[in-house]
Amino acid sequence: MFDFSIITNWLHQSLLSVMPEVWAVVLECVIVGVCIILMYATLAIILIYGERKICAFFQCRLGPNRVGKWGCIQVVADVFKMLTKEIITPNQVDKFLYKLAPYMVILASFLTFACLPFNKGAEILDFNVGIFFLLAVSGIGVIGILLAGWGSNNKFSLIGAMRSGAQIISYELSVGLSMLTMVVLMGTMQFSQIVEEQADGWFLFKGHIPALIAFIIYLIAGNAECNRGPFDLPEAESELTAGYHTEYSGMNFGFFYLAEYLNLFIVSSVAATVFLGGWMPLHIVGLDGFNAVMDYIPGFIWFFGKAFFVVFLLMWIKWTFPRLRIDQILTLEWKYLLPISLVNLVLMVLIVVTGFHF
Amino acid sequence: MGATFETIVFGVLAMFIIVMSVLTVTTGRIVRSATYLLFVLLGTAGLYFLLGYTFLGSVQIMVYAGGVVVLYVFSILLTSGAGDKAQKARRSRLFAGLVTSVAGAALVLFITMTHHFVPATGNEIPVETGINNIGRMMIGSGKYEYILPFEAVSIFLLACIVGALLIARKR
């Protein structure tokens, strides 16, 4: 099994040989930060291209096909277009809040992104309270959206921001409860340990019925958390032009766009980590030969494979179902998902206490 | 060397918190005030992370950034108009506010200076407190464990929810 900590340890040792420890740590922090930003941008480009192609195939179209083979550098061209665009500040807006809002959204997205375990030994923020930290920092994004709606001085933006706030706050409960259900089964919140514990079977199989229910609830609520799919009415273009980012242009809009796609990836990879084993290969107890073969595939390939599988599921949902109304969204959360998750939590506790899990 | 690095980080965080707290009370626009308050609370969470107490830092972000400030901003958006600004404070009020804050600062300084702190026991590197220990402490019933306050707070919160529903329900 490829262990990424060999590389990081080698880097640390070689830096220690030329400079004191403090500067080595500072330099490593900078390197890690640059790596996060690069990965973030690359993943966003891949996801946007994937979304446009998948959307096109669902609608029996071809999608982007002019720039590069199968249009594969279309999104790169779009990124450069967006980078060179003028950033317009509308008249009579609260300039400070208007300019701050995209950075709050992207900050929350970066912090959650840094929690993900990409490979064995490649965790960036690996706290003891991992999942809890992830849920906490993802809450900062709501404030960015509310500030964007308020700062734009535009009623469509404000309505979009209010809808988004109501929706995200509501669905955070279901995300939290389904994660809590899994924490009961896992007995830890640290991402590296969560993955290690799935060496003899993924938690989706270990926790069978309640884990499956939690998985489905998490997918629905996570989809709503990133304002996508049938839950995209904060930016419902047919009624609110573009919701909370109507007034944003250039890279300020780009930040919202990036954060939306990366939040999709983050939701998917948390699902992949908690339910589908993260970077842990598919192991079946008793089949040692099979397990050994699976171990030859590096962990990050497993991680990205699982994450992109869940991304595909979410895109499938998005391009299949029509948009819900705001009252239907709130009804779905408060009258169905929340009671189901509470019952599911009790069910999981009973199963763990009586030892009915694998 | 490690200690001085931590001191630098602490100094930056402390300056950030001080500047943002002053801005919170001096700005005229209420949404900006809430935003500066958010930065104060995030800075405090940063202090907890510096101490290695990631649980408390996460709780700080979860409860204050994710809960309280969102609630503030939400209720401001629902109640006030875009052009609302605070009235300029009268001179007597400004004076009273200054006296109160100076007295408060003096009190805090006095307590901090005269308090006898337990010296560090050589273990300089902050150790992360395990969530398992926190959980056991929270619902344990032994000595120095917190089952009774925990349950009291949950009943109190339940009463708050029922009360809020009673006030907000349609007649």
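**Notebook: loops, core and chain contact**

I began with C60(A), which is exposed because only 6 other C-beta atoms lie within 10 Å of its own, and 12 or fewer count as exposed. I note at the outset that I am working from a predicted model. I placed C60(A) in the loop between α2 and α3 (74-84) of chain A, and I looked up its backbone angle, finding phi near 60°, a positive value in a residue other than glycine.

I then turned to W70(A), which also lies in the loop between α2 and α3 of chain A. Its phi is positive as well, at about 50°, although W70(A) is not a glycine. I had to ask how W70(A) should be classed, buried, exposed or partly exposed. With 14 C-beta neighbours inside 10 Å, W70(A) counts as partly exposed, because that class takes in what falls between the 12 or fewer of an exposed residue and the 20 or more of a buried one.

**D126(A)**

My next entry concerns D126(A), which I found in the loop between α4 (95-113) and α5 (130-138) of chain A. I record D126(A) as partly exposed because 16 other C-beta atoms lie within 10 Å. Which residues does D126(A) touch, once those up to four places away in sequence are not counted? I listed Q190(A), F191(A) and S192(A). I also checked D126(A) against N9(A), which is 117 residues apart from it along the chain, and the C-alpha atoms of the two are separated by 16 Å.

**Core and I143(A)**

I looked up the largest nonpolar core, which has 111 residues, and those with the most contacts inside it are I143(A), L262(A) and A271(A). Helix α12 (residues 250-276) of chain A gives the most to this core, with 16 residues.

I followed I143(A) further and, leaving aside neighbours within four places in sequence, found it in contact with M104(A) and, in chain B, with L38(B), A65(B), V69(B), V70(B) and V73(B). V70(B) came up again when I examined α3(B), where there is a kink of about 30° centred on V70(B). Helix α3 of chain B, residues 54-79, has 26 residues, and I noted that it reaches 36 Å from its first C-alpha to its last, close to the 38 Å expected at 1.5 Å a residue.

**Contact between the chains**

For the contact between the chains I counted 28 residues from chain A and 24 residues from chain B. On the side of chain A that touches chain B, α2 (21-58), α4, α5, α6 (140-151) and α7 (155-186) each supply at least two residues. The largest share of that side, six residues, comes from α6(A). Sorting that side of chain A by class, I obtained 22 nonpolar, four polar and two charged residues.

**Chain B**

I closed with chain B, whose secondary structure comes to six helices and zero strands. The chain is divided into domain 1 (1-82) and domain 2 (130-171), and I noted that 25 Å separate the centres of these two domains, taken over C-alpha atoms. What percentage of the 171 residues in chain B is made up of buried residues? I wrote down 15%. Among contacts in chain B between residues at least 6 apart in sequence, I found that 54% join residues at least 24 apart.

Conventions. Residues numbered from 1 in each chain as written. Chains lettered and ligands numbered in written order. Predicted model: local features only at pLDDT ≥ 70, side-chain atom pairs only at ≥ 80, totals over all residues. Helix = DSSP H or I, 4+ residues; strand = E, 2+ residues; numbered from the N terminus. Contact = placed C-beta atoms within 7 Å. Core = buried A, V, L, I, M, F, W, Y, C linked by C-beta atoms within 7 Å. Expected span 1.5 Å × (residues − 1). Bend = angle between axes of the 7 residues up to and from the residue. Nonpolar A, V, L, I, M, F, W, Y, C, P; charged D, E, K, R; others polar. Domains from an automatic or database assignment.
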